[in-house]
Amino acid sequence: MAYYVDEHIENTERVFPEPGRYGTLRYDMNENPEGLPAWFVEEVKAEITPEFLSIYPEPGRFLEKYAAYVGVRRDCVTATNGSDQAIRYLLQTFCGQGHDVVTVAPSFEMYWVNCNILGLHHVPVSYNDDLSFSMDNLLAAITPNTDVVVLLNPNNPVGDAFSREDVVAAVEAARAVDAVVIIDEAYHYFYPNTFIDLTQTYDNVIVLRTFSKLFSLAALRLGVIISNPEIIHYVNNARLTFDANALALLFAERILDHPEIIDELVATAVEGRQWAVDELAARGYETRRCEGNFIFVRPNRPAPEVAADLAARGVLVKSWNSGMLKDYLRISTGSKQAMEKLVDALLAVDVA
Ligand SMILES: Cc1ncc(COP(=O)(O)O)c(C=O)c1O
């Protein structure tokens with residue numbers, strides 16, 4: 001049967017995460033390996049009544065609090081079903097068919113996947129072999145055909161952060177060709193700098209945040225777009241009516257009600273990350289401390305083999321078969337206790 005299939009979707013190749021991760025030790029997808037405090041989850045669960053579940057989601061109360069939390073007006077924020085969906089909305093809204101989306105490379109894969117799905121032209125700007133990044137290369141890739149420039153701050157997977165000077169240079173170069181700049185701050189909190197202020201001083205800047213990383217709500221899917229009211233208005237035009245679900249909005253609102261939980265999550269994550277880097281370095285490993293909730297470690301044996309041996313023991317880490325990161329394991333970080341389990345498992349399988 002010759003039914004119609006959108007040619008871009010037909011030609012998009014997808015690789016979905018392997019299932020079966022429950023009950024494993026998870027250091028592969030930059031989630032919080034341990035999650036939120038159990039008492040907090042129980043307390044919020046008590047608010048979930050049959051009436052609550054019967055009502056379509058209303059994001060307003062959460063957005064009111066979130067806007068105040070990051071210091072912008074309410075009409076400068078909107079919520080999405082994970083920042084994944086924010087990426088789809090933004091590329092759909094602000095990039096014309098066949099126009100350019102300029103991103104750093106390697107980068108979070110959903111940028112190029114969404115370019116493929118939507119028929120946009122992805123222009124990857126590569127990191128250097130030593131994993132440094134030259135902003136001049138990105139500036140040179142911005143042309144009159146560019147509609148969107150994407151910066152990840154800090155970057156995933158490389159883990160470095162941009163200076164304000166470099167980000168402002170990219171924003172101004174994009175503005176000169178009428179392009180918007182997405183600054184993806186999924187890994188904010190593990191690294192304190194933010195560029196949210198630029199959303200209020202430039203009319204082409206959009207910041208993305210997620211509740212999947214520090215806030216430990218990956219299962220619930222909640223992202224936030226922060227920009228100026230005009231950009232938020234266009235994104236709201238593109239939105240599904242009920243995309244961010246009520247459970248996600250409730251949990252996120254309660255996290256904002258408990259700033260002490262946020263402080264504790266940050267302190268625990270930063271301590272665990274530093275402990276892991278120091279411990280692995282003391283064991284003779286080359287490590288790369290990243291600004292997000294992950295680190296790189298160069299194992300003694302080929303990284304994909306070590307990752308497979310760890311997986312056989314129920315310990316999941318990320319490795320690559322090719323490319324500039326192929327010699328490394330990327331290990332998501334968590335509390336010191338979570339990192340002790342990881343180091344024990346690594347030492348057991350990675351015998352030189
Ligand atoms: C840089 C970056 N942006 C966005 C996301 C997507 O997060 P979410 O769970 O909100 O869709 C990720 C997830 O790993 C990420 O690394």
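These legends go with a set of close-up views of a predicted model.

**View 1. The largest nonpolar core, with Tyr66 in it.** This core counts 70 residues, and the members that touch the most others are Phe62, Tyr66, Leu138, Phe211, Leu222 and Ile226. Helix H11 (residues 246-257) gives the largest share, 7 residues. Another core lies apart from this one; it has 26 residues, including Tyr89, Leu120, Val180 and Val235. Back to Tyr66: once you skip its neighbours within four places in sequence, its contacts are Val77, Tyr189, Arg209, Phe211, Val224, Ile226 and Leu256. Two of the names on that contact list, Phe211 and Ile226, also turn up among the residues that touch the most other core members.

**View 2. Helix H4 packed on helix H11.** Two packed helices are described by the angle between their axes and the distance between the axes. Here, the axes of H4 (residues 60-70) and H11 come within 9 Å and cross at roughly 35 degrees. The crossing of H4 past H11 is left-handed. On the H4 side, look for Arg61, Phe62, Lys65, Tyr66 and Tyr69; H11 brings Leu249, Ala252, Glu253, Arg254, Leu256 and Asp257. Sort this contact by class and you get 6 nonpolar and 5 charged residues, with no polar ones. Tyr66 and Leu256, both part of this helix pair, also touch each other.

**View 3. Helix H5 against helix H6.** The axes of H5 (residues 82-94) and H6 (residues 109-118) come within 10 Å, crossing at roughly 45 degrees. That angle is neither under 35 degrees nor in the 65 to 115 range, so H5 and H6 count as oblique to each other. H5 goes past H6 in a right-handed crossing. The H5 residues making the contact are Asp84, Ile87, Arg88, Leu91 and Gln92, and they meet Met110, Tyr111, Asn114, Cys115, Ile117 and Leu118 of H6. Split by class, this contact of H5 with H6 holds 7 nonpolar, 2 polar and 2 charged residues.

**View 4. Helix H6 and what sits at either end.** H6 is mostly covered, with 7 of its 10 residues buried. The buried ones are Met110, Tyr111, Val113, Asn114, Cys115, Ile117 and Leu118. Ahead of the helix, Pro106 sits in the loop between strand E3 (100-105) and H6. The peptide bond leading into Pro106 from Ala105 is cis, with omega near 5 degrees. At the other end, H6 is followed by Gly119, which has a positive phi, near 75 degrees.

**View 5. His188 beside a cis proline.** His188 is in the loop between strand E6 (180-184) and helix H9 (196-201). With a relative accessible area of 9%, His188 falls under the 20% limit and therefore counts as buried. Leaving out neighbours within four places in sequence, His188 contacts Pro154, Asn193, Thr194 and Arg209. Pro154 is 34 residues away from His188 along the chain, yet their C-alpha atoms are separated by 7.3 Å. Pro154 itself belongs to the loop between strand E5 (146-152) and helix H8 (164-176). The Asn153 to Pro154 peptide bond is cis, with omega near -10 degrees. Arg209, one of the contacts of His188, is also on the contact list of Tyr66.

**View 6. Leu131 and Arg221, two non-glycine residues with positive phi.** For Leu131, phi is near 65 degrees. Leu131 sits in the loop between strand E4 (121-126) and helix H7 (135-141). At 8% relative accessibility, Leu131 is buried. Arg221 has its phi near 70 degrees, again positive without being a glycine. You'll find Arg221 in the loop between strand E7 (205-210) and strand E8 (223-226). Its relative accessible area is 24%, so Arg221 is partly exposed.

**View 7. Gln337 in helix H14.** Gln337 is part of H14 (residues 336-349). Its relative accessibility is 48%, so Gln337 counts as partly exposed. Between Gln337 and Val125 there are 38 Å in space, C-alpha to C-alpha, and the two are 212 residues apart in sequence.

How values were computed: Residues numbered from 1 in each chain as written. Predicted model: local features only at pLDDT ≥ 70, side-chain atom pairs only at ≥ 80, totals over all residues. Heavy atoms only, no water. Core = buried A, V, L, I, M, F, W, Y, C linked by side-chain atoms within 4.5 Å. Buried < 20%, exposed > 50% of the residue type's maximum accessible area, 1.4 Å probe, protein only. Helix = DSSP H or I, 4+ residues; strand = E, 2+ residues; numbered from the N terminus. Contact = heavy atoms within 4.5 Å. Axes fitted to C-alpha atoms, helices over the stretch in contact; angles between N-to-C directions. Parallel < 35°, antiparallel > 145°, perpendicular 65-115°, else oblique. Left-handed = near helix turned anticlockwise from the far one by under 90°. Nonpolar A, V, L, I, M, F, W, Y, C, P; charged D, E, K, R; others polar.
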